[in-house]
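Me: I am new to this one and would love a friendly tour. Could you show me the structure, and then let me ask about it?

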Amino acid sequence: MMGYDEPTSKRQTAVYGTSTKAATANRWPLRILLIILALGVGGYIAANPDLVDKVSSFTAASAPQQGGGRGAGRGAGGAAPPVRVATADTRDVAMTANTLGTVLANSVVTIKSQVDGPLLAAMFKEGQMVKKGDLLFRIDPAPFEAALRQSQATVARDQAQYASAQADADRAVMLADRGIVSAQQRDQLVATAKALAASIAADQAAAERAQLNLGYTTIRSPIDGKTGAYLVFAGNQVHANDAGGLVTITQIQPVKIAFNLPQGDLPQLQDRMREDQLTVGVRVRKDSVAVAGGPAEQSDQELSVKVDFIGNTVDDRTGTIELRATFQNPELRLVPGELVDISVNLETLKQVVTVPHDALNVGQNVNYVFVVDKDKKAQMRQVNVLYQDQVIAALGSGVQAGDQVVTDGQLRLTPGVTVDVLPAPGEAGARAGAQAQPPQDAARPEGAAAQAGGRRARGGG
């Protein structure tokens, strides 16, 4: 028995009708996405009205000139690459080494008590500058004054006993010579006198010790310097074996400036040290911490300080050697522990050719610069660099004084390419100001100028 087969026309109509609805439903997300994208682009253009002008000018600049082929490129029929140049000159160049230094106190003394007793008073203020010999602290002297009087009384007693014993010994010697006193008695009296003389010497030493302890009750500064904070306040009991001390005095006039340099600079440092010409430039940092990732701000004045110490060993961990310079610090500008910038003049190169540091390029094995000749063509020259810093480079060969070296735009250059030398920033501003002057047609009314422009545009069309 054969089954019922639906007519083909109805089956096709049902299938096509279902796929059309599904395709229509699937296109709605795409339409919504396109609408959102169009609104976003329109909003960005509205927020940046100069975007259209920038795109138009870029398109015009990147379009090939009339008559240029597809292969027109750098130095081959295309626009000359723009560069900026500087003139090489001759000057004396100081070879300097730059590093960080640390300010050290010339001397640091912790004041301690040498006797036990209650602290009566501190005779200075915290942070005060003191001189050598200034009174700092007073300890109760009463017990030591009593001990001194006792020692002095003992000395007086023993001296009186010694006087009597010495007289007896003298009489015994005289009587022994006449046979009245035996030799044994004579010797005993003489020994007693000598023992009392030794006791007097011991008593006098004890009295001097008591006098010394009494002097220790007034504590004076051993150096010139600046006092720190009180470590013990008045009213406390102090002891001779206290580890902390009473106060710390730091000598900051003069101060030492310690820094390290590579061991490769040691021969030049020793030569200048023997010539008594080894000095360093010291710049104090206004901000010890760099702001926003930049270098720390420095003061405008550089201090010249003479180096008086070169270390006797090289640090095998860093390969550097320590140097120290003494600064009198008259205005107390430097404080122990402070970081300073150090520049050391190692040697002076006499009358060498110099170029800006930006003109120097580093190749795989050589250094080179681009020189622009009189035909506006760039020539690559290998150079021998004697010294360089962040500003200039001193060259031993490859460039002569008066040559025009490229300082900006080297990445677009090849040897022999014709370049477009741009004016210096100052000259560019002057030219821009001259071009900004209104032309003669600017004196016309705005409407007339616009009509004239319209006529020229229609005529050109």
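Here are some questions and replies about open spaces, charged pairs and one helix residue in this predicted model.

Me: Let's begin with the empty space inside. How many cavities of 30 Å³ or more does a search of the whole structure find?
Reply: Rolling a probe the size of a water molecule over the atoms shows where empty space is left. The largest cavity holds about 30 Å³ of space. At a threshold of 30 Å³ or more, the search of the whole structure comes back with a count of one.

Me: Which residues line the largest cavity, and how many of them are charged?
Reply: The lining is made up of Lys112, Ser113, Val232, His239, Asp242, Gly245 and Leu246. Asp, Glu, Lys and Arg are the types that count as charged, so Lys112 and Asp242 qualify. Alongside two nonpolar and three polar residues, the number of charged ones is two.

Me: Now for the largest pocket. Which element gives the largest share of its lining?
Reply: This pocket holds about 410 Å³ of space and is lined by 18 residues. Nearest its centre lie Thr96, Asn98, Ser343, Asp389 and Gln390. The elements giving two or more residues to the lining are strand S2 (89-111), S10, S11 and strand S13 (339-356). With six residues, the largest share comes from S2.

Me: How do the residues of that lining divide by type?
Reply: The pocket has 18 lining residues to sort. They fall into three groups: nonpolar, polar and charged. The division is six nonpolar, six polar and six charged.

Me: On to charges. How many salt bridges does the count come to?
Reply: Side chains of opposite charge can pair when their charged atoms come close. The cut-off used here is a side-chain nitrogen of Lys or Arg within 4 Å of a carboxyl oxygen of Asp or Glu. One pair that meets it is Asp158 and Arg157, at 3.3 Å from N to O. By this rule, the count comes to 11.

Me: In the salt bridge of Asp158 and Arg157, is Asp158 buried or exposed?
Reply: Its partner Arg157 has a relative accessible area of 49%, and is partly exposed because that value is between the 20% and 50% limits. For Asp158 the relative accessible area is 6%. Buried means under 20%, so Asp158 is buried.

Me: Where do Arg274 and Asp271 lie?
Reply: Their side chains meet in a salt bridge, with 2.3 Å from N to O. Arg274 counts as exposed at 63% relative accessibility, while Asp271 is partly exposed at 36%. The two are three residues apart, about one turn of the helix, and both lie in helix H5 (residues 266-274).

Me: What is the N to O distance in the salt bridge of Asp276 and Lys306?
Reply: Lys306 counts as partly exposed, at 41% relative accessibility. The side chains of Asp276 and Lys306 meet at an N to O distance of 2.5 Å. This pair links distant parts of the chain, 30 residues apart: Asp276 is in the loop between H5 and strand S10 (279-285), and Lys306 is in strand S11 (residues 298-315). The distance asked for is 2.5 Å.

Me: Last one: leaving aside neighbours within four places in sequence, which residues is Val190 in contact with?
Reply: Val190 belongs to helix H4 (residues 183-215) and is partly exposed, with a relative accessible area of 25%. Its C-alpha atom is separated by 8.2 Å from that of Ala172, 18 residues apart along the chain. Beyond its sequence neighbours, the contacts of Val190 are Ala169 and Val173.

Note on methods:
Residues numbered from 1 in each chain as written. Predicted model: local features only at pLDDT ≥ 70, side-chain atom pairs only at ≥ 80, totals over all residues. Heavy atoms only, no water. 1 Å grid on protein atoms, 1.4 Å probe; cavity = no way out; pocket = protein on both sides within 12 Å on 5 of 7 lines; lining within 4 Å. Points joined across faces, edges and corners; volume = space filled by probe spheres on them. Helix = DSSP H or I, 4+ residues; strand = E, 2+ residues; numbered from the N terminus. Buried < 20%, exposed > 50% of the residue type's maximum accessible area, 1.4 Å probe, protein only. Contact = heavy atoms within 4.5 Å.
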